[in-house]
Amino acid sequence: MISIRDLTKEFAVSSGKVAAIKDLSLEVIEGEFFVIVGASGSGKTTLLRCVAGLETPNGGEIRIAGHVVSSDSPPTWVPPQQRKLGMVFQSYAVWPHLTVYQNVALPLAEGTQRIARREVSSRVHEALRLVQLEDFAERSATLLSGGQQQRVALARAIAVNPKILLMDEPLSNLDARLREEVRGKIRELAKQLGSTVLYVTHDQIEAMAIADKIALMQAGQLLQVGPPMELYDKPRRAEVAEFFGSVNWLKGTMVHSSCAETPIGRLGIKGSARPGEDVLVGFRPEALTVVEGQTATDTNVLQATLRTSTFLGDQFIYYVEVADQSLVGKGRSIPLQKDGKLYLYVDPADVMVFPAGQKTGLNVLEQSVHTG
């Protein structure tokens with residue numbers, strides 16, 4: 001449905017030019033809810049704006065529904081209003097002097113995708129029904145809550161019956177409770193309408209909650225593309241692992257292909273690194289489980305000292321010390337021990353191994369736990 005090939009976008013700055021997107025290629029299939037996620041400045045919004053036609057790429061090709069809308073060879077450019085896309089922005093972009101009904105109706109009555117006036121009313125009411133705002137049709141848009149205004153923006157986008165919806169951080173201005181409510185509604189509507197969605201966010205939790213597929217961007221490039229569980233459980237790079245959740249990081253050296261020497265002892269792994277190779281070893285806090293009746297000589301069983309714990313309602317986060325290294329764990333119950341000593345097990349399948357020197361949010365040579 002959306003095909004991007006070797007896309008490049010540069011911006012002029014005082015020191016010359018900076019590449020916001022670098023030779024990026026991407027495929028979004030029909031009916032897919034595709035989320036682009038990354039930190040600020042990663043290029044995700046620029047990519048979305050290039051697809052929408054709000055930015056002009058410096059190179060590469062963009063196809064929408066099989067039609068070339070932007071290309072440098074041969075030079076091709078289709079303006080935004082002719083790309084037949086719906087777009088929802090970070091700001092609600094509602095017209096304050098209009099009612100909810102008028103906000104949704106305006107593109108249908110006056111825009112490039114306008115329809116016969118006799119059809120406008122039924123189309124608007126159907127869009128408002130889908131976002132559960134039919135009872136607010138005659139209310140001023142400014143008298144709605146933030147979540148309701150964002151649903152007005154969504155109704156306006158879907159009222160024109162676009163095959164493709166582009167969404168640029170549409171929930172970032174909402175509080176946590178509303179974000180959960182509205183993101184569920186957006187995904188439900190997209191599936192109900194059979195729309196293809198290209199959605200941008202910086203929030204990894206939001207991305208994993210709604211996406212069929214996720215692309216993680218960094219410095220204008222894609223680090224990894226795949227289903228949410230794949231990026232969380234089988235990241236190809238340390239940066240990907242860390243972006244999608246907390247990781248206990250350790251420096252290590254491979255003893256053989258399934259064992260690494262680390263500051264907390266030898267860890268069995270399921271990897272393919274070569275013996276003698278320096279590596280970066282990591283496992284998530286929830287990978288640690290409390291075991292009984294075992295000793296630290298058992299494979300991947302760690303003798304630990306409980307230092308502190310925090311109750312978060314649905315889980316405990318606890319901090320332990322293993323061989324002078326600090327680790328963090330997560331669980332449904334607190335690991336209580338009389339003397340503060342306990343044994344923890346980490347499954348070899350849950351131990352991630354990456355080449356030494358990959359970037360993380362901390363220096364693993366000085367510290368071995370990431371809790372952010």
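Here are some worked exercises on a predicted model of a protein chain.

**Exercise 1: a five-strand sheet**

Work out the strand order of the open five-strand sheet, and say which strands stand at its edges.

*Solution.* Start with the order: the open sheet runs β2-β1-β4-β5-β6, and the pairing is antiparallel. As background, strands in a sheet pair through backbone hydrogen bonds, in either a parallel or an antiparallel way. Next, look at the ends of that order. β2 (16-28) and β6 (75-77) each have a single partner strand, so one side of each has no neighbour in the sheet. Finally, check the twist: from one strand to the next it averages 30 degrees.

**Exercise 2: between β5 and β6**

Find out how β5 and β6 pair, and describe the peptide bond from Ser73 to Pro74.

*Solution.* Take the pairing first. β5 (residues 67-72) joins β6 through three bridges, in the antiparallel sense. Now pick out a facing couple: Ser70 is opposite Trp77 of β6. Then follow the chain into the loop between β5 and β6, where you'll meet Pro74. The bond leading from Ser73 into Pro74 is cis, and its omega is near -10 degrees. One last stop is the ring of Trp77: the charged end of Arg83 sits over it, 4.6 Å from the ring centre.

**Exercise 3: a helix across the sheet**

Decide which strands helix α1 lies across, and whether α1 is largely enclosed or not.

*Solution.* First, place the helix. α1 (residues 44-52) lies across β1 (2-13), β2 and β4 (59-64), and it runs at about 115 degrees to β1. Second, look at burial in α1: the buried residues are Lys44, Thr46, Leu47, Leu48, Cys50, Val51 and Ala52. That's seven of its nine residues, so α1 is largely enclosed by the rest of the structure. Third, step just past the end of α1, and you reach Gly53, with a positive phi of about 90 degrees.

**Exercise 4: rings that pair**

Classify the ring pairs Phe243 with Phe244 and Trp249 with Phe354.

*Solution.* You need one cut-off here: planes over 60 degrees apart count as edge-to-face. The model has four aromatic pairs in total. For Phe243 and Phe244, the ring centres are 5.2 Å apart and the planes are at 75 degrees, so this pair is edge-to-face. Both rings belong to buried residues: Phe243 has 18% relative accessibility, and Phe244 has 2%.

Now for Trp249 and Phe354: the distance is 6.0 Å centre to centre, with 65 degrees between the planes, which is edge-to-face again. This pair links distant parts of the chain, since Trp249 is in β12 (residues 248-256) and Phe354 is in β21 (residues 352-355), 105 residues apart. Trp249 is buried at 0% relative accessibility, and Phe354 is buried at 4%.

**Exercise 5: positive phi without glycine**

Locate Ala219 and Asp324, then sort each one as buried, partly exposed or exposed.

*Solution.* Begin with Ala219, which lies in the loop between β10 (213-218) and β11 (221-226). Its phi is positive, about 50 degrees, although Ala219 isn't a glycine. With a relative accessible area of 42%, Ala219 is partly exposed. Move on to Asp324, in the loop between β18 (316-322) and β19 (325-331). Asp324 has a positive phi too, near 70 degrees, and isn't a glycine either. At 68% relative accessible area, Asp324 goes down as exposed.

Definitions and conventions:
Residues are numbered from 1 along each chain as its sequence is written. This is a predicted model: local features need pLDDT of at least 70, side-chain atom pairs count only at pLDDT 80 or more; totals for chains, interfaces and linings use all residues. Side-chain values use heavy atoms; hydrogens and water are left out. Rings of Phe, Tyr and Trp (its six-membered ring) pair if their centres lie within 6.5 Å; planes under 30 degrees apart count as stacked, over 60 as edge-to-face and the rest as tilted. Buried means under 20% relative accessible area, exposed over 50%, partly exposed in between (1.4 Å probe, protein chains only). Helices (H or I, at least four residues) and strands (E, at least two) are DSSP runs, numbered from the N terminus. A charge sits over a ring if NZ of Lys or CZ of Arg is within 6 Å of the ring centre and within 35 degrees of the ring normal. Two strands pair if DSSP finds at least two bridges between them. Axes are lines fitted to C-alpha atoms, for helices over the stretch in contact, and angles run from 0 to 180 degrees between N-to-C directions. Contact means heavy atoms within 4.5 Å.
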